[in-house]
Amino acid sequence: MQLVKSTKLLVATAALGLALSAVAADVPKDAVLLTPGDFKWKPSAQVAGLERAAMIGDDTKPGPYLFRTKFPPNFKLQAHGHPDERRYTIVSGTWYIGWGKKFDESKLIALPAGSFYTEPAKIPHFVATRDDGAVIEISGTGPSSQLWVDPAHAPKKK
């Protein structure tokens, strides 16, 4: 009886392995395929209090990049810009964006999960989250960085 159970388990394991290898064989060699469990969340090197998961490329180097950033609840980022045009998708939470050289609560526009927008290069803007925080997907072509309107507002790195 034990031999029958072991044989069935072995056959089931082999079948699963073949099925998974068949699926993996269909994924092109240069494709990027990530599920949420694959993301490697790390503290942001640019802004303390944020977490980032790189998906494609490196925003500090030339070439395309794509990453997700977790913004905690009630977070504010003062006016800044970026040298490159960026594209944003709000994955979860509500994201608040405003444009101008000074953080102005009255200019914030609420973008719920599923929203998308672009930021032209070098245009000052400011962002915030409320009680639910937000996860944002950001893409562009590097190298990129933050260009602070007032360098005193640059977040302190950990």
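**Surface, core and salt bridges of a predicted β-rich chain**

Val 32, Leu 34 and Ile 56 form a nonpolar patch on the surface of the predicted model, and together these residues have about 240 Å² of accessible area. Patches are made of residues with over 30% relative accessible area and no salt bridge, like charges being joined within 9 Å and nonpolar side chains (Val, Leu, Ile, Met, Phe, Trp, Tyr) within 5 Å. Accessible areas come from the Shrake-Rupley method with a 1.4 Å probe, and for residues only the protein chains shown count as cover. Within the patch, Val 32 belongs to the loop between α1 (2-26) and β1 (42-43). Val 32 has a relative accessible area of 52% and is therefore classed as exposed, given that buried means under 20% relative accessible area, exposed over 50%, and partly exposed in between (1.4 Å probe, protein chains only).

The model is a predicted one, in which local features need pLDDT of at least 70 and side-chain atom pairs count only at pLDDT 80 or more, whereas totals for chains, interfaces and linings use all residues. Residues are numbered from 1 along each chain as its sequence is written, and side-chain values use heavy atoms, with hydrogens and water left out. The mean pLDDT (the predictor's confidence in each residue, from 0 to 100) of the protein chain is 87, and 82% of the residues reach 70 or more. Over residues 9-16, pLDDT stays under 50, and the model has zero contacts beyond four places in sequence for this segment; contact means heavy atoms within 4.5 Å. Where pLDDT is low, the predicted coordinates should not be read in detail.

The protein chain contains one helix and ten strands, and along the sequence the helix precedes the strands in the pattern α-β-β-β-β-β-β-β-β-β-β. Helices (H or I, at least four residues) and strands (E, at least two) are DSSP runs, numbered from the N terminus. Of the 158 residues, 35% count as buried. The chain exposes about 9,800 Å², of which carbon and sulfur atoms supply 62%. Among contacts with a separation of 6 or more, 67% involve residues 24 or more positions apart.

The largest nonpolar core has 18 residues, and Trp 95, Tyr 117 and Ile 136 touch the most other members. Strands β3 (63-71), β5 (86-99) and β9 (134-142) are the elements that give two or more residues to this core, and β5 gives the most, with four residues. A nonpolar core is a set of buried Ala, Val, Leu, Ile, Met, Phe, Trp, Tyr and Cys residues joined through side-chain atoms within 4.5 Å. Beyond neighbours within four places in sequence, Tyr 117 is in contact with Arg 86, Arg 87, Tyr 88, Ile 90, Trp 95, Ile 97, Trp 99 and Leu 111. Another core, of five residues, lies apart from the largest one and includes Tyr 96, Leu 108, Phe 126 and Ala 128. In soluble globular proteins, nonpolar side chains tend to be buried together.

Val 127 lies in strand β8 (residues 125-128) and is buried, with a relative accessible area of 3%. Residues up to four places away in sequence aside, Val 127 touches Phe 75, Lys 76, Leu 77, Trp 95, Tyr 96, Ile 97 and Phe 103. The C-alpha atoms of Val 127 and Asp 104 are separated by 9.7 Å, the two residues being 23 residues apart along the chain.

The structure holds seven salt bridges, each being a side-chain nitrogen of Lys or Arg within 4 Å of a carboxyl oxygen of Asp or Glu. One of them joins Arg 68 and Glu 137 (2.8 Å, N to O); this pair links distant parts of the chain, with Arg 68 in strand β3 and Glu 137 in strand β9, 69 residues apart. Both partners are buried, Arg 68 at 18% relative accessibility and Glu 137 at 17%. A salt bridge also connects Glu 105 and Lys 76 (3.3 Å, N to O). Glu 105 is in the loop between β5 and β6 (109-112) and Lys 76 is in strand β4 (residues 76-81), 29 residues apart. Glu 105 is partly exposed at 36% relative accessibility, as is Lys 76 at 48%. Arg 52, Asp 59 and Arg 86 are joined into one network by salt bridges that share partners. In the salt bridge of Lys 61 with Asp 58, the closest N and O atoms are 3.8 Å apart; Lys 61 is partly exposed at 49%, and Asp 58 is partly exposed at 31%.
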